[in-house]
Amino acid sequence: MGDTIFSKIIRREIPADIVHEDEDVLAFRDINGQAPTHILFIPRKPIATLNDLDADDALLIGKLVLAATAYAKAQGFAESGYRCVINCNEDGGQSVYHLHLHLLAGRRLSWPPG
Ligand code: 5GP
């Protein structure tokens, strides 16, 4: 997988507003937030898309989701609600090819998405 802007954030080569990090996961504010809270949760491991996950990544993807839900609980909006999104490839709206989970909260989100 080629280098992406998110790999540069992991290596601290470009700045980001990091809100969580652990051995497997980094989370930082989206530069173009679409809700009052818009956080990107990424695995440190460079996986391009959902399609590139294999069985060995089951624990890692679980940790990614749990990092997001823990953040929602800690920030106090778990009960009011939030949305987690992973875009995949062009039709899914993916623009950065390092797997990431969007956590959106702080306003009523409409459905269906655009
Ligand atoms: P995607 O469209 O791939 O699902 O989401 C990529 C997200 O990364 C977009 O919401 C975009 O605003 C965000 N993004 C792109 N470049 C940067 C950056 O340099 N820093 C941060 N914090 N977010 C970025």
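Select Arg29 and the ligand. A backbone N or O atom of Arg29 lies 2.9 Å from a nitrogen atom of the ligand. That is a polar contact (a pair of N or O atoms within 3.5 Å). This is a predicted model, where local features need pLDDT of at least 70 and side-chain atom pairs count only at pLDDT 80 or more, while totals for chains, interfaces and linings use all residues. Residues are numbered from 1 along each chain as its sequence is written, and side-chain values use heavy atoms, with hydrogens and water left out.

Next, pick Ile31. Its backbone N or O atom sits 3.2 Å from a nitrogen atom of the ligand. Then go to Val96, where a backbone N or O atom is 3.0 Å from an oxygen atom of the ligand. The protein covers 83% of the 520 Å² of accessible area that the ligand has on its own (Shrake-Rupley method, 1.4 Å probe).

Now show the shell, meaning residues with a heavy atom within 4 Å of the ligand. It holds 16 residues, and the closest are Arg29, Asp30, Asn87, Ser95 and His102. Colour α1 (5–10) and β2 (25–29), the elements that give two or more residues to this shell. The largest share, 3 residues, comes from α1. Helices are DSSP runs of H or I with at least four residues, and strands are runs of E with at least two.

Last, select Cys84 and Cys88. Why is there no bond from Cys84 to Cys88? The two sulfurs are 17 Å apart, too far for a bond. The structure holds 0 disulfides (cysteine sulfur pairs within 2.5 Å). Cys84 is partly exposed, at 36% relative accessible area. Cys88 is also partly exposed, at 21%; the class runs between buried (under 20%) and exposed (over 50%), with a 1.4 Å probe and protein chains only.

Definitions and conventions: A polar contact is a pair of N or O atoms within 3.5 Å; within protein, one must be able to donate a hydrogen and the other to accept it, and residues adjacent in sequence count only if both atoms are side-chain atoms.
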